[in-house]
Amino acid sequence: MTTTLPSRTAPPTQQADGVGSSTLRPDGIPKVDGSFIYSSDEYHEGALWGVTLRSPHPRARIASIDTTTAEGIDGVAAVLTHLDVPGSKTYGMIISDQPVLAFDEVRYQGEPVAVVAASNPEVARRASNLIQVEYEELAPQTDPEVSIAGKAEGFPDGGLVRHVKIRHGDVEAGRRAADVVIDESFEIGTQDPAFLGPESGLAVPVGDGGVELYVSSQHLHHDQPQIAASLDLPLDKVRLVLSGVGGAFGGKEDLNVHIHACLLALRTGRPVRMVYNREESFFGHVHRHPATARVELGATRDGKLVFSKVRLVLDGGAYASQSPRVIGNGSFFAGGAYDVANVWIDGYATYTNNPPCGAMRGFGLVQSIYAIESAIDRLARELGMDPLELRMKNALSEGDVLPTGQAIDGPAPLQELLTYVKDLPLPDASNPASVDPRARPGGLGNTTRGEGMKRGVGYALGMKAIGFSGGADDTSTARVTMWIRDGEPVAEVYCAAAELGQGIVAVETQIARTELGVSQVFLPDKDTDIADPGATSASRQTWMTAGSVVAACELVRAELLDRAAALIDEPAAELVLRGPNICDATSGRTLIDVAEVLGETTISHEYTYHHRKTYPIDEETGQGDAHPAFAYAVHRAVVDVDTELGLVRVVEMASAQDVGKAINPVAVEGQMEGGSVQGLGLAIMEELDISDGRIRNPSFTDYLIPTMLDVPPIKLKVFEFPHPDSAYGLNGVGELPNLSSTPAILNALRDATGLDLPRAPVRPVDLIL
């Protein structure tokens, strides 16, 4: 196969598979054989290496910075501090509050203070260690409750980022109608995205005084204006190209190496590479917000929910990042996927001197769904009711009204999802003394032979909005071009939608093959030369980019048929495109070849897709039609617990999810499995250990993530209830598995042990009876 495309993007695809097929991903083979170019692989002749000096303190005043010694090291080309930032000294996704390089006070451990460019990374690191920074240490503020009270020193508004209020119905009337009321508090720790590809990029100065940046990112077009502002350059002087992204999960929405690499490249006039090592990566990106939640639920004796009241608190760390939106998203659905007439929700996002937190897969809903699903099980226990029955009795359905006042006007097949996991046979309870040790708690450590082992089953359901909400004009732009190559029609799909590993490049090619009948599809570099496709986040990218690619293909096809109609003197309305031929719509008879119509010309069309109009919520009541669509998932977890040693084995997970239409079924299954495993990690092992603002486990040795031996069999059921507003009826997929997997496992652990287990992740000491 011949291609001139760089292998950081996708080679032309030649499979015949279209929408609905489990086609091979165009970037799959290069990633397996090692030829794919990730951002850490980017190379340019004569490139320097950039390194960042970071603060060792979670809070300190900067008294002075002396770079003299570092600048004198052989091989050092530049040492920059905040004095060398020509434009905006700060940046940010929503609020421009994060310093490019710290200039008065450092607010978290690992905050960038200076950057160095040198001939190789070892020289750059040695020079960075010779930069003399005089700090005056200050006591870190690490308690979100102090920030809620407006008493956190050194932060805007006393430390409160945002307070979200949702008021629906009459909670006190609901309380009076309740026969059973529970009041429970829950806590969830700090999860790291733990992507394998570290933050990295290559900045190349160009002759007109501008710069090109090859970088891993979730949204190039949102990065570009932040970078340009700090470089004091117009947008057209700052071109971004998406390099290979080794995972993101929200952690690459914020800037990392972007501005630093560009500053160094422009100062030295040479290309600059920057690649974080694993430890630095833990300090160089945002994490999932740790959270606390108090949940009050009331129900009648027969299990009908009559009120819910939730207080959700997220610790956003030192800078705002996405916290204002994360707490909004978490609060909107803090009442869960339940039909409840009376709901009162208060959501708080705060500043502290803990590490910055921002977007991570689930975007605030992992925390709130964990709390409400845990509370539902507690309520079921008080009612003496099966927890699955309680969920089925109260689950939302189409037409129900959410706590934000919005009616659900698309599919809401929660009964079908719950019924699937209800009817699914449970795994056999084997004799623990006779099974493979890998199947027992403790695994190959052979720490138990089954003594004190108890089995538990847990359920949870989750829902979220798809796309950008609250009045955002969410868009995606794509350009599709068709021409003849070696006698056959081919197509190119040009769209900057970020490929993070989820498979949008496969979706783009599948749509082009389906709509235009071509077998070969080219994908050029994804860059900022084309209009904005929006972020690869919010489970929106397939929905939005499918909308733009389908529409652009339709425009190309329409022009092709118009040209054919003129050539053969037939009405265009009576023609159809079938593969390389244009046929009579009624008989199917071939009338002319596409190659004959196009000759040496091309047809190219660009389209910008918008999802349906949404509206901001009312700041005082939280009411409003804020969301374009909703999606749902259900999990069942089966666990074995050794209650003498506190060891856990997740025996099996089952997941049912409505995806609207599976564009690529095997990719959908991969998302469901991956999200379930990420939720498993949060349930029983994954947590950044933070003490007084300091990360104590910044490595994959000490920050534990699930391995193959931790992952149980996962039974998947993909439901397809087409959504009326999207291309092919598809729905968002990526974040849903994270929402219900963690609480399903915690509920299974509670079922096995009878313990309350208010905190995730659960530790062995929590499980000992």
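**Exercise 1. Enclosed space**

Determine how many cavities of 30 Å³ or more a search of the whole structure finds, and describe what lines the largest cavity.

*Solution.* The structure is a predicted model, and a search of the whole of it finds four cavities of 30 Å³ or more. The largest cavity has a volume of about 220 Å³, and its lining consists of 19 residues, with Tyr91, Gln98, Tyr108, Leu255 and Gly284 lying nearest the centre. Turning to secondary structure, the elements that give two or more residues to this lining are strand E5 (98–99), helix H7 (258–268) and helix H8 (278–284). Sorted by class, the lining of the largest cavity has 11 nonpolar, six polar and two charged residues.

**Exercise 2. An open pocket**

Describe the second largest pocket by its volume, by the residues nearest its centre, and by the element that gives the most to its lining.

*Solution.* The volume of the second largest pocket is about 740 Å³. Its lining is made up of 33 residues, and those nearest the centre are Arg325, Phe363, Phe468, Ser469 and Ala472. Two elements, helix H9 (323–332) and strand E18 (453–465), each supply at least two residues of the lining, and H9 gives the most, with five residues. By class, the lining of the second largest pocket divides into 13 nonpolar, 11 polar and nine charged residues. At the level of domains, at least three lining residues come from each of domain 1 (28–35 + 475–610) and domain 2 (48–139 + 198–277).

**Exercise 3. Domains**

Into which domains is the protein divided, and how many residues of domain 2 are in contact with domain 3?

*Solution.* The division gives domain 1 (28–35 + 475–610), domain 2 (48–139 + 198–277) and domain 3 (410–460 + 628–769). For domain 2 and domain 3, the C-alpha centres lie 38 Å apart. Contact between these two domains involves six residues of domain 2 and five residues of domain 3.

**Exercise 4. Salt bridges across the sequence**

Take the salt bridges of arginine 61 with glutamate 136 and of arginine 294 with aspartate 183, locate each partner, and decide whether its residues are buried, partly exposed or exposed.

*Solution.* A search of the whole structure finds 42 salt bridges, and the two chosen here can be worked through in turn.

1. The side chains of arginine 61 and glutamate 136 meet at 3.5 Å, N to O. Arginine 61 belongs to strand E2 (residues 60–66) and glutamate 136 to strand E8 (residues 132–137), so that the bridge joins distant parts of the chain, 75 residues apart. Because buried requires under 20% relative accessible area and exposed over 50%, arginine 61 at 38% is partly exposed, and glutamate 136 at 39% is likewise partly exposed.

2. In the bridge between arginine 294 and aspartate 183, the closest N and O atoms are 2.6 Å apart. Arginine 294 is in strand E15 (residues 291–299) and aspartate 183 in strand E10 (residues 180–188), 111 residues apart in the chain. Under the cut-offs of 20% and 50%, arginine 294 is partly exposed at 40% relative accessibility, and aspartate 183 is partly exposed with a relative accessible area of 37%.

**Exercise 5. The surroundings of glutamate 499**

Where in the chain does glutamate 499 lie, is glutamate 499 buried or exposed, and which residues does glutamate 499 touch?

*Solution.*

1. Glutamate 499 lies in the loop between E20 and H13. With a relative accessibility of 8%, glutamate 499 counts as buried, because the limit for that class is under 20%.

2. The side chain of glutamate 499 meets that of arginine 25 in a salt bridge (3.4 Å, N to O). Arginine 25 lies in the segment before helix H1 (28–33), whereas glutamate 499 follows strand E20 (488–494) and precedes helix H13 (504–516), so the two are 474 residues apart. Arginine 25 is partly exposed, with a relative accessible area of 26%.

3. This pair belongs to a network of salt bridges that links Arg25, Asp27, Lys31 and Glu499.

4. Leaving aside residues up to four places away in sequence, glutamate 499 touches Arg25, Asp27, Leu242, Val245, Ile504 and Val505.

5. For a position outside this list of contacts, tyrosine 276 may be taken: it is 223 residues from glutamate 499 in sequence and 20 Å away in space, C-alpha to C-alpha.

Technical notes: Residues numbered from 1 in each chain as written. Predicted model: local features only at pLDDT ≥ 70, side-chain atom pairs only at ≥ 80, totals over all residues. Heavy atoms only, no water. 1 Å grid on protein atoms, 1.4 Å probe; cavity = no way out; pocket = protein on both sides within 12 Å on 5 of 7 lines; lining within 4 Å. Points joined across faces, edges and corners; volume = space filled by probe spheres on them. Helix = DSSP H or I, 4+ residues; strand = E, 2+ residues; numbered from the N terminus. Nonpolar A, V, L, I, M, F, W, Y, C, P; charged D, E, K, R; others polar. Domains from an automatic or database assignment. Salt bridge = Lys/Arg side-chain N within 4 Å of Asp/Glu carboxyl O. Buried < 20%, exposed > 50% of the residue type's maximum accessible area, 1.4 Å probe, protein only. Contact = heavy atoms within 4.5 Å.
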